Amino acid sequence: MAVRVWQSLARAEPIDVYPLLRPFAIGICILLFPTLVLGTMNNVLGLIVQGTHKMLEEQTMDMEKYREQKDKLEKEAMLRNPETAYLVSDEEFDRQIDELGWTPGDTATRLGMYMEVGMYNLEKGIRDAFRSLLELLFAAASLLIDTVRTFFLVVLSILGPVAFAFSVWDGFQSTLAQWFTRYISVYLWLPVSDLFSCMLAKIQVLMLQNDILELQNNPDYSIDNSNSVYIVFMLIGIIGYFTVPTVAGWIVQAGGVGNYNRNLNRSAVKGGGFAAGVVGSALGNIGGRLRGK
């Protein structure tokens, strides 16, 4: 303030009082930083987080409801078919075994039924294991974004008063605007992630509704194709989560995290491509061996 006043006096210019109020305003923000700055921003941005999270909860509840209905219809469809009923029902398997005699033909049929049940359980176990692995990676990607977001917000909150203090000096005035843009951009990672999860949940709901409709009206419908699409869909979701920082950066332009976003997206694409190749190769080999047997 003294330097600016001396400059105006030395140049015989009138003193502009308004810019001299800037240090006082910034000082008040620093003194009341947790309540005035962080409290105000968190309350405003928290409304967006609450809205998107509510949307996600509604879609997730619908997805769980349709998934239970699909599993029930799939089991009922297999029970209606005598050739597959014994694969999913122990009672039906025991009944068909008891109806067989001990002739060489019945013994071969009995052995074939045991082998088919074992192969069905093995194939189902492998498919469920891959699905669990992808769901774990899917949840890990979401948790990674949330953890990094929390770390960034903690650092920005702790060092915020320092950034405000530096912005008082000429040449560092852009520090204040950069801090706000970075804080808002990082804070929006969570609502953007919730919107992406909501979109994924909505697509899964539509897929489940289609499977339910086919199971109800088409007795020859195969659920294996739907399971393959679900696996591919999970891979897309894993890669898509790492684009959240980029999308949030489109809403509020923030400098300083661009290199991190590019590295994160590049790593996600490579990791997703590697996971897709491994899963696709493994599923193809296992499926070929099971069909060969």
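Let's start on the surface, with a nonpolar patch of about 910 Å². Phe-151, Val-154, Val-155, Ile-158, Leu-159, Val-162, Phe-166, Trp-169 and Phe-172 make up this patch. Keep in mind, please, that we are looking at a predicted model. Take Val-154 as our example from the patch: this residue lies in helix α6, which covers residues 104–166. Is Val-154 buried, partly exposed or exposed? Val-154 counts as partly exposed, because its relative accessibility is 40%, and the partly exposed class runs between 20% and 50%.

There is a charged patch to show you as well. On the surface, Asp-90, Glu-91, Asp-94 and Asp-98 gather into a patch of negative charge. Asp-94 sits in helix α5, residues 90–99. With a relative accessibility of 41%, Asp-94 is partly exposed.

Now let me step back to the whole chain. How many helices and strands does the protein have? The count is 11 helices and 0 strands, so if you read the elements from the N terminus on, you get α-α-α-α-α-α-α-α-α-α-α. The protein has 293 residues, and 35% of them count as buried. About 17800 Å² is exposed, with carbon and sulfur atoms supplying 65% of that area.

How do distant parts of the sequence meet? Look at contacts between residues at least 6 apart in sequence: 75% of these join residues at least 24 apart.

Helix α3, residues 33–80, gives us two residues to look at, and Thr-52 is one of them. Thr-52 counts as buried because its relative accessibility is 7%, and the buried class is anything under 20%. Which residues does Thr-52 touch, once we leave aside its neighbours within four places in sequence? The partners are Pro-191, Asp-194 and Leu-195.

Our other residue in helix α3 is Arg-67. Arg-67 has a relative accessible area of 23%, so this residue is partly exposed. Again leaving aside neighbours within four places in sequence, Arg-67 is in contact with Glu-135, Gln-204, Leu-208 and Tyr-230. And here is a nice pair to find on your screen: Arg-67 and Asp-211 are 144 residues apart in sequence, yet their C-alpha atoms are 9.7 Å apart in space.

So, to pull the helix α3 part together: Thr-52 is buried, whereas Arg-67 is partly exposed. Thanks, everyone, and I'm happy to go back to any of these residues with you.

Methods:
Residues numbered from 1 in each chain as written. Predicted model: local features only at pLDDT ≥ 70, side-chain atom pairs only at ≥ 80, totals over all residues. Heavy atoms only, no water. Helix = DSSP H or I, 4+ residues; strand = E, 2+ residues; numbered from the N terminus. Buried < 20%, exposed > 50% of the residue type's maximum accessible area, 1.4 Å probe, protein only. Contact = heavy atoms within 4.5 Å. Patch = residues over 30% accessible without salt bridge, like charges linked within 9 Å, V, L, I, M, F, W, Y side chains within 5 Å. Areas by Shrake-Rupley, 256 points an atom, 1.4 Å probe, with all protein chains shown as cover. Salt bridge = Lys/Arg side-chain N within 4 Å of Asp/Glu carboxyl O. Lys, Arg positive; Asp, Glu negative; His and termini not counted. Charge placed at Lys NZ, Arg CZ, Asp CG, Glu CD.
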